[in-house]
Each structure stands twice: as C-alpha cells, then as structure tokens.
Amino acid sequence: MQINAAPDQGRVRKSFTILLLILLAAIILGSVSGAVVIPVHQWWPVLTGGQGDETQLLRQIFLDIRLPRVVFGIVTGAALALSGVVMQALFRNPLAEPGLIGVSAGAALGAVSAIVLTAAGFWVVSFAAFAGSLLSTWLAYLVGRRYAGVAGLLLAGIAINAISGSLIGLLTYIATDTQLRDLTFWGMGSLASANWRTIGLLGPWALVICVLLCREWRALNALLLGEREVSHLGFSMKHLRRRLIVGIALLVGPLVAMTGGIGFVGLVVPHCLRMIMGANHRHLLPASMAGGALALVMADWLARVVVIPAELPIGLVTSLIGGPFFLWLLVKRNMR
C-alpha cells in the first residue's frame with residue numbers, strides 16, 4: 001500500500017469538521033424523512049412532547065422507529081468502516097475489507113443454518129450468525145498462523161469463504177419457499193430490526209472495541225512500512241495480528257448478525273478518506289468512523305424514500321452506489 005504524504009493539520013481539522021457537519025445534517029434528514037414526513041413546524045413539539053394526536057403519533061414514529069434506525073446505522077457504519085481501515089493496514093492492500101477473513105461468510109452460514117434447519121426466530125438467527133462469524137474467523141486464524149506473514153491468513157480466509165458459500169448453496173437448495181424468502185431478505189441487509197434494546201446491547205460493546213482498535217494507530221502506521229519494520233519498531237507482529245483479527249471479529253460479527261449483508265462500506269469509505277486525510281491512522285481511524293456512519297445513514301435514508309411506502313434492502317443500496325463509485329476510483333487512480 002502506498003503511503004501518501006500527510007496533509008497539514010489545518011486541512012485535516014477542516015475536513016473532519018465538514019464531515020461531522022454533513023453527518024449531523026444526515027442524522028436530521030434520516031430522522032424526519034420516510035413514508036411519514038415530520039414537517040419542520042412539528043420538530044419542536046415532537047422533541048418536547050407537545051399535545052395533540054398528530055404530535056403524539058409523530059413523536060412515537062420519531063422515538064421508536066426513526067431515531068433507533070439512525071443511531072444503529074451510525075454504530076454499524078462506523079464499525080464497518082473502522083474494520084475496513086484496520087484490514088487494509090493489516091494486509092497493506094486498499095482492497096481489503098472485513099469479509100476477507102470470513103467474518104461475513106461465517107455469519108451468513110450461521111444465519112442460513114438457523115433459518116433452514118431450525119425455523120427459529122430473529123434472535124436465534126442473529127445469535128447463530130454471530131457464532132458463525134466467530135467460528136469462521138477463528139478457523140482462518142488457526143490455519144493462517146502456521147504461515148509467515150498475513151498471506152496464510154488471506155488464503156485461509158479465501159478457503160473458508162468458498163466452503164461457506166458451498167454450504168450456503170446446499171442449504172438454500174433444500175430450503176422451502178418461505179425459508180428462501182427469509183434467506184434472501186437477510187442476505188440483502190436491513191436496519192429494520194433496530195430498537196433501543198438492540199442499541200443498548202451492541203452500542204457500548206461496539207464503542208469499547210472501536211476505542212481499543214483506535215489505540216492501535218501507531219502499530220497500524222508501522223504496518224504500512226512492512227512486517228519486518230513492525231518488529232524493528234518494537235511491535236510484536238504475532239500479537240498485533242491476533243489483537244486486530246480478534247477485535248475485527250468481535251466488532252463486526254454481532255452487527256452483521258443483526259443487519260445481514262451490507263457491503264462496500266468498509267471498502268469504499270476508508271479508500272476515499274485516505275485520499276483526503278492521508279494515511280496517518282491517528283486521523284484516518286476517527287474520520288473513517290464518521291464517514292462510515294454518514295454513508296450508512298444516507299444509504300438507509302435512500303432505502304426508505306426511493307420506493308415509498310415500501311423499503312429497499314440497505315445492502316442493495318450500498319452495493320448499487322458503492323460498486324460503481326469504487327470502480328470509478330480505481331479507474332481514476334490508474335489513470336494517474
């Protein structure tokens with residue numbers, strides 16, 4: 001991975017401030033827009049608990065449906081983008097993302113197994129997806145650690161992704177029509193399951209792990225120079241790799257288990273912000289968290305307003321926008 005010249009501190013602060021302001025505007029837009037629009041003159045009564053049937057209805061929509069989705073989108077987007085930054089530094093490749101080590105494939109296999117074999121409810125499916133993500137990541141690390149460097153981990157992740165895909169195909173083949181529908185919608189991703197209980201469980205968990213990963217910014221900067229240089233600078237590559245992989249699995253696994261498949265956030269957002277903020281992870285990590293939160297909040301807003309009163313799966317929105325955008329970035333970079 002090429003290390004870009006670091007921009008000046010003023011430019012970094014200005015870019016980060018603009019990013020946060022845009023995120024604030026996206027939070028407001030996502031909270032008041034949808035199948036039921038909260039008009040501007042109702043914002044203050046809704047926030048303060050004004051009287052009237054219409055105000056109470058809008059307040060219930062805002063507090064119980066819209067705001068939890070926006071908050072959960074912030075948490076999930078920030079976690080996916082942060083994991084993407086860490087993966088790209090670990091593999092020294094801007095095309096790396098959390099699914100490379102089997103997190104997403106393992107979660108999908110766990111969810112599909114629960115849906116087809118047990119016909120279980122939402123929470124059982126989510127738990128099975130989380131267990132599958134941890135198991136696949138553990139297998140990838142167990143196999144990959146026998147080889148020097150991250151190449152073994154990469155190859156193990158590719159193999160586990162292939163095996164998981166085959167097993168998912170087999171389970172899909174024997175699924176009923178109702179189960180196929182559930183499998184399809186889970187795989188497309190959604191924030192519809194967001195509620196304050198879910199946020200209360202996963203929000204603090206994700207925050208703690210994000211803080212721990214952000215504290216590794218010096219080691220991530222050293223990784224850009226190469227694995228040999230990491231040791232020369234006083235970091236243990238073996239222990240560092242273990243901490244990063246475990247952190248990514250524990251961060252992404254529970255969130256993917258709740259949301260389903262959401263692609264390109266951990267791939268596109270870090271890539272874009274690296275061109276603006278530079279490769280210094282002291283700035284890139286928090287900026288990517290804000291950028292990931294912005295990307296997912298806006299994607300969820302689009303998913304809710306494009307086909308009103310229906311709702312698009314958010315994974316389709318991120319793929320339809322992120323795929324062509326990332327292809328354009330690659331073409332532009334190659335032309336340079």
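**Helix crossings and burial around helix 12**

Modeller: Helix 4 passes helix 6 in a left-handed crossing, and I should say at the outset that this is a predicted model.

Colleague: Why is helix 4 called roughly parallel to helix 6?

Modeller: The axes of helix 4 (residues 103-118) and helix 6 (residues 151-174) cross at roughly 20 degrees and come within 9 Å. That makes helix 4 roughly parallel to helix 6, because angles under 35 degrees count as roughly parallel.

Colleague: Which residues of helix 4 and helix 6 meet?

Modeller: On the helix 4 side the residues are Ala105, Gly106, Ala108, Leu109, Val112, Ser113, Val116 and Leu117, and from helix 6 they are met by Asn161, Ser164, Leu167, Ile168, Leu171 and Ile174.

Colleague: Why are helix 12 and helix 13 called oblique to each other?

Modeller: Their axes come within 9 Å and cross at roughly 130 degrees, helix 13 being residues 281-305. Helix 12 and helix 13 are therefore oblique to each other, because the angle is neither over 145, as roughly antiparallel would require, nor within the 65 to 115 of roughly perpendicular, nor under 35 degrees. The crossing of this pair is right-handed. Helix 12 makes the contact through Val265, Val269, Pro270, Leu273, Arg274 and Met277, while helix 13 takes part with residues including His283, Leu284, Ala287 and Ser288.

Colleague: What makes helix 12 largely enclosed by the rest of the structure?

Modeller: Of its 13 residues, 11 are buried, so helix 12 is largely enclosed by the rest of the structure. Among the buried residues are Val265, Gly266, His271, Cys272 and Arg274.

Colleague: Why does Met277 count as buried, whereas Ile276 counts as partly exposed?

Modeller: Both Ile276 and Met277 lie in helix 12. Met277 has 4% relative accessibility and therefore counts as buried, since the cut-off for that word is under 20%. Ile276, at 38% relative accessibility, counts as partly exposed, because partly exposed covers what lies between under 20% and over 50%.

Colleague: How far are Ile276 and Arg11 from each other, C-alpha to C-alpha?

Modeller: Although Ile276 and Arg11 are 265 residues apart along the chain, their C-alpha atoms are separated by 8.8 Å. For Met277 and Gly144, which are 133 residues apart in sequence, the C-alpha to C-alpha separation is 32 Å.

Colleague: How do you know that the span of helix 12 is close to the expected one?

Modeller: Helix 12 (residues 265-277) reaches 17 Å from its first C-alpha to its last, which is close to the 18 Å expected at 1.5 Å a residue.

Colleague: What is found on either side of helix 12, at Phe264 and at Gly278?

Modeller: Phe264 is found in the loop between helix 11 (237-259) and helix 12, and it has a positive phi of about 75 degrees although it is not a glycine. At 31% relative accessibility Phe264 counts as partly exposed. Gly278, which follows helix 12, also has a positive phi, near 90 degrees.

Colleague: What makes the peptide bond from Ile308 to Pro309 worth a look?

Modeller: That peptide bond is cis, with omega near 5 degrees, and Pro309 is found in the loop between helix 13 and helix 14 (314-335).

Colleague: Where does UniProt place the feature "transmembrane region"?

Modeller: The UniProt record, an unreviewed entry, gives several spans, including residues 70-91 and 244-269. In the model, residues 70-91 are 100% helix, with end C-alpha atoms 31 Å apart, whereas residues 244-269 are 81% helix and their end C-alpha atoms lie 19 Å apart.

Technical notes: Residues are numbered from 1 along each chain as its sequence is written. This is a predicted model: local features need pLDDT of at least 70, side-chain atom pairs count only at pLDDT 80 or more; totals for chains, interfaces and linings use all residues. Side-chain values use heavy atoms; hydrogens and water are left out. Helices (H or I, at least four residues) and strands (E, at least two) are DSSP runs, numbered from the N terminus. The expected span of a helix is 1.5 Å times one less than its number of residues. Buried means under 20% relative accessible area, exposed over 50%, partly exposed in between (1.4 Å probe, protein chains only). UniProt positions are given in the numbering used here, feature names are shortened, and annotations may be inferred rather than shown by experiment. Axes are lines fitted to C-alpha atoms, for helices over the stretch in contact, and angles run from 0 to 180 degrees between N-to-C directions. A crossing is left-handed if the near helix is turned anticlockwise from the far one by less than a right angle, and right-handed if clockwise. Contact means heavy atoms within 4.5 Å.
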